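Got the viewer open? Let's take a walk through this one together, one selection at a time.

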Amino acid sequence: MTAPAVASGVPAAEPGAPADPPAGTPAGAAHAAPPAADGGATGASGADASRAGASGTGEPGANASAADASGGRRSRRLELGDASGIVPLARDFTRQALYDWGWLPAATADRRAAAEDVLLVVSELVTNACLHAEGPEELRVSLDAKVLRLEVEDRGPGQPAPRTPHRAGRPGGHGMFIVQRLCLDWGVVRNADAPGKTVWAELAAPE
């Protein structure tokens, strides 16, 4: 991957949130298993995520346990370029990270809402890349003490931005508006030497 150059988020359109998928198989950490399914979307297990190119410090196996136990910044990445069922796969992958990092199962309504916001933002970012940016290449999820960061790398030249004026009753065009409303901040890092960019979003970790 080429080194990115930073730019701020500006115009494009995007869809509404897709269907919620089934949960992935827990990846080696001692946490409660996610629910078997929470919608009618196509299934994607932890094994599916591994076959699709899951890698990084949060990869299933010994590296995931060591990274999660370190107490520092934790991160995971999932290659999406050749995967099928990309949106459910991205949600399953992110949900498993939330289980392994202790956001799920949620002990309070606030923690449950925080996890649901993360999954919704993942859906919107990945769907936007599918529809408006020639498809996503990679999903990265990272967490420090106070902030969870989502990054979706894509091949497209466009600049995503909330549609203005936003009309709640109109079909489509709500994705980046949802991202803007739910996140602490978001933006775009553009590749310096090749087409494509990374759209990132940050959400507050629950208390």
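**The whole chain first**

Among contacts between residues at least 6 apart in sequence, 64% join residues at least 24 apart. Keep in mind as you look around that this is a predicted model.

Now color by secondary structure. You should find five helices and seven strands, and following the sequence gives you the pattern β-α-β-α-β-α-α-β-β-α-β-β. Switch on the surface for a moment: the protein exposes about 9400 Å², with carbon and sulfur atoms supplying 54% of that. Of the 207 residues, 48% are buried.

**Stop one: the loop before H4**

Hide the surface and select Leu104 and Pro105. The peptide bond that joins Leu104 to Pro105 is cis, with omega near -5 degrees. That's worth a second look, because most peptide bonds are trans. Where does Pro105 sit? You'll find Pro105 in the loop between helix H3 (86-100) and H4.

**Stop two: along H4**

Next, select residues 109-132, which make up helix H4. H4 has 24 residues, and from its first C-alpha to its last it reaches 34 Å, close to the 34 Å expected at 1.5 Å a residue.

**Stop three: H4 against H5**

Keep H4 on screen and add residues 175-182, helix H5. The two pack at an angle of about 145 degrees, their axes 9 Å apart, and H4 passes H5 in a left-handed crossing.

Which residues meet here? Show side chains for these two sets:

- From H4: Asp117, Leu120, Val121, Glu124, Leu125 and Asn128.
- From H5: Gly175, Met176, Ile178, Val179 and Leu182.

By class, this contact has seven nonpolar, two polar and two charged residues. Look at the numbering on the H4 side, where Asp117, Leu120, Val121, Glu124, Leu125 and Asn128 take part. An α-helix has 3.6 residues a turn, so residues three or four places apart point the same way.

**Last stop: just past H4**

Finally, go to the far end of H4 and click on Glu134. This residue lies in the loop between H4 and strand E4 (136-143). What is odd about its backbone? Glu134 has a positive phi of about 65 degrees although it is not a glycine. Most residues other than glycine have a negative phi.

Is Glu134 buried or exposed? Glu134 counts as exposed because its relative accessibility is 53%, and the cut-off for exposed is over 50%.

Key: Residues are numbered from 1 along each chain as its sequence is written. This is a predicted model: local features need pLDDT of at least 70, side-chain atom pairs count only at pLDDT 80 or more; totals for chains, interfaces and linings use all residues. Side-chain values use heavy atoms; hydrogens and water are left out. Axes are lines fitted to C-alpha atoms, for helices over the stretch in contact, and angles run from 0 to 180 degrees between N-to-C directions. Helices (H or I, at least four residues) and strands (E, at least two) are DSSP runs, numbered from the N terminus. A crossing is left-handed if the near helix is turned anticlockwise from the far one by less than a right angle, and right-handed if clockwise. Contact means heavy atoms within 4.5 Å. Ala, Val, Leu, Ile, Met, Phe, Trp, Tyr, Cys and Pro count as nonpolar, Asp, Glu, Lys and Arg as charged, and the others, Gly among them, as polar. Buried means under 20% relative accessible area, exposed over 50%, partly exposed in between (1.4 Å probe, protein chains only). The expected span of a helix is 1.5 Å times one less than its number of residues. Accessible areas come from the Shrake-Rupley method with a 1.4 Å probe; for residues, only the protein chains shown count as cover.
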